[in-house]
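Here is a friendly walk through one protein model, written for someone who likes to know where the pockets sit and how the helices pack. Have the viewer open beside you as you read.

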Amino acid sequence: MANLVLKDVSKIYDGDVKAVNNMNLDIKDKEFIVFVGPSGCGKSTTLRMIAGLESISGGELFIDDKLVNTLPSKNRDISMVFQNYALYPHMTVRDNMGFALKMKKEPKAQIKQKVDAAAEILELGKYLDRKPGALSGGQRQRVALGRAMVRNPKVFLLDEPLSNLDAKLRVTMRTELVKLHRKLETTFIYVTHDQTEAMTMGDRIAVMRDGVLEQFDTPRNLYKNPNNLFVGQFIGSPQMNIFRAKLIREGGVHLYMGDRKMLLPSSVSDRLDFKGSEKDIYLGVRPEHFNFYDVNNQQDFPLEIKTSNVEQVGSDTYVYFNSVNAEKDIVARLSPTEEVFVDDVIEVSFNLENIYLFDFDTEETMLREEGL
Ligand code: ADP
């Protein structure tokens, strides 16, 4: 159990690589925090600085209100589980799990008790006498977790621990990790490049890009109120679609795209930070906010499209199309009730209540936070 504070923490590697740039985070006791972002954005480096495996180039790191910048890793009460969690192949599960305690010369009975307790939580009791070679991938992963658990750390650090597992097992292990976190009531910090993993596991998520923290927020708020275009596109699957469009003030503020102009609903214009008369913007529309066009839905912005690809997945139909106002293909998630084929010309629409507006120059959001 511990809270962690990072104040302007930076990491500069030899050769002037600024891997982490003035990172500020306030992590509460018992939170499940996820660091997410594209490969190379500084997630692992941040985690390794917290663990004490990497020196801190600038700023301050506090664990339980104590400055620990120079505290050796072994005195930080932290356990780390890596992607490549090498278990000792010649040792049983029990010996693998108890190894660190044996090295610390803890009494045998105490080691047994701690290993048994961890094995019970992880449901490994039946396998304690087996060698790792006789376990499934998921069981081996649980042994690696058990090895960290027996040390009873204040903070658990997990660096992409599920990336070597197959897709199905990853989903199962996600749920198991969330349950484990609840049982242990310990602070977890989890690194992944997979936004779905982040969204399904984190109490709060730190979204990083190029060593910079872009947003630190709950999954719900990241989805609803992304700070900028990058976060908007990073969170959500399939990705948010981006159009080039304009805002034009004529009486109220209108969204102008293609040859169509529509007044923004007050739920959007009330949150809009825009003073001028005209502005280029990036318009964000999530795939799930498209519908088949219905003329009665007055808040819907219609688009006539020609489908370039159609995927029927049962629960939904994903329709892909090009737009002159977008660089990339647009994808709309539609209800499967109407059948659509490739090269069909259809009318779809998106609801103006659900749009995202980003400044064309700064890529920052132009909308103040929406209440949740
Ligand atoms: P992530 O975990 O998000 O994939 P990392 O924290 O591993 O990213 O790396 C962040 C940046 O720091 C990358 O540009 C990487 O190349 C660089 N980096 C990582 N480790 C070292 C190192 N030991 N020496 C120099 N540069 C490094």
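The notes below go through pockets, helix packing and backbone details in turn.

Keep in mind that this is a predicted model. The largest pocket has a volume of about 460 Å³, and the second largest holds about 330 Å³ of space. Three helix pairs are described as well: α4 with α5, α2 with α4, and α2 with α3.

**The largest pocket**

- Twenty residues are worth selecting here: of the 20 that line the largest pocket, Met80, Phe82, Ala100, Arg147 and Arg151 are the closest to its centre.
- At least two lining residues come from each of β6 (78-81), α2 (93-103) and α4.
- Strand β6 gives the largest share of this lining, with four residues.
- By class, the lining of the largest pocket splits into 13 nonpolar, four polar and three charged residues.

**The second largest pocket**

- This pocket, with about 330 Å³ of space, is lined by 16 residues, and the closest to its centre are Gln233, Asn241, Ile242, Glu327 and Lys328.
- Helix α8 (229-234) and the strands β11 (241-250) and β18 (330-334) each supply at least two residues of the lining.
- The largest share, four residues, belongs to β11.
- Sorted by class, the lining of the second largest pocket has eight nonpolar, four polar and four charged residues.

**Helices α4 and α5**

- Helix α4 covers residues 137-149 and helix α5 covers residues 167-184; they pack at an angle of about 25°, and their axes are 11 Å apart.
- Angles under 35 degrees count as roughly parallel, so α4 and α5 are roughly parallel to each other.
- Their crossing is right-handed.
- On the α4 side, the contact is made by Gly137, Gly138, Gln141, Arg142, Leu145 and Met149, while α5 brings Leu169, Met173, Glu176, Leu177, Leu180 and Leu184.
- The residues of the contact of α4 with α5 comprise seven nonpolar, three polar and two charged.

**Helices α2 and α4**

- The packing angle of α2 and α4 is about 35°, with 7 Å between their axes.
- Helix α2 passes α4 in a right-handed crossing.
- Val93, Asn96 and Met97 of α2 meet Val143, Gly146 and Arg147 of α4.
- The contact of α2 with α4 has three nonpolar, two polar and one charged residues.
- Arg147 is worth a second look: this α4 residue takes part in the contact with α2, and Arg147 is also among the residues closest to the centre of the largest pocket.

**Helices α2 and α3**

- Helix α3 spans residues 108-121 and packs with α2 at an angle of about 130°, with the axes 10 Å apart.
- That angle makes α2 oblique to α3.
- The crossing of α2 and α3 is right-handed.
- From α2 the contact takes Arg94, Met97, Gly98, Leu101 and Lys102, and from α3 it takes Ile111, Lys112, Lys114, Val115, Asp116, Ala118 and Ala119.
- By class, the contact of α2 with α3 includes six nonpolar, one polar and five charged residues.
- Met97 of α2 appears in the contact with α3 and also in the contact with α4.

**Backbone details to check**

- Most residues other than glycine have a negative phi, and most peptide bonds are trans.
- The peptide bond from serine 237 to proline 238 is cis, with omega near -10°.
- Proline 238 lies in the loop between α8 and β11, and both of those elements supply residues to the lining of the second largest pocket.
- Asparagine 152 has a positive phi, near 50°, in a residue other than glycine.
- The loop between α4 and β7 (155-159) is where asparagine 152 is found.

How values were computed:
Residues numbered from 1 in each chain as written. Predicted model: local features only at pLDDT ≥ 70, side-chain atom pairs only at ≥ 80, totals over all residues. Heavy atoms only, no water. Axes fitted to C-alpha atoms, helices over the stretch in contact; angles between N-to-C directions. Parallel < 35°, antiparallel > 145°, perpendicular 65-115°, else oblique. Left-handed = near helix turned anticlockwise from the far one by under 90°. Contact = heavy atoms within 4.5 Å. Nonpolar A, V, L, I, M, F, W, Y, C, P; charged D, E, K, R; others polar. 1 Å grid on protein atoms, 1.4 Å probe; cavity = no way out; pocket = protein on both sides within 12 Å on 5 of 7 lines; lining within 4 Å. Points joined across faces, edges and corners; volume = space filled by probe spheres on them.
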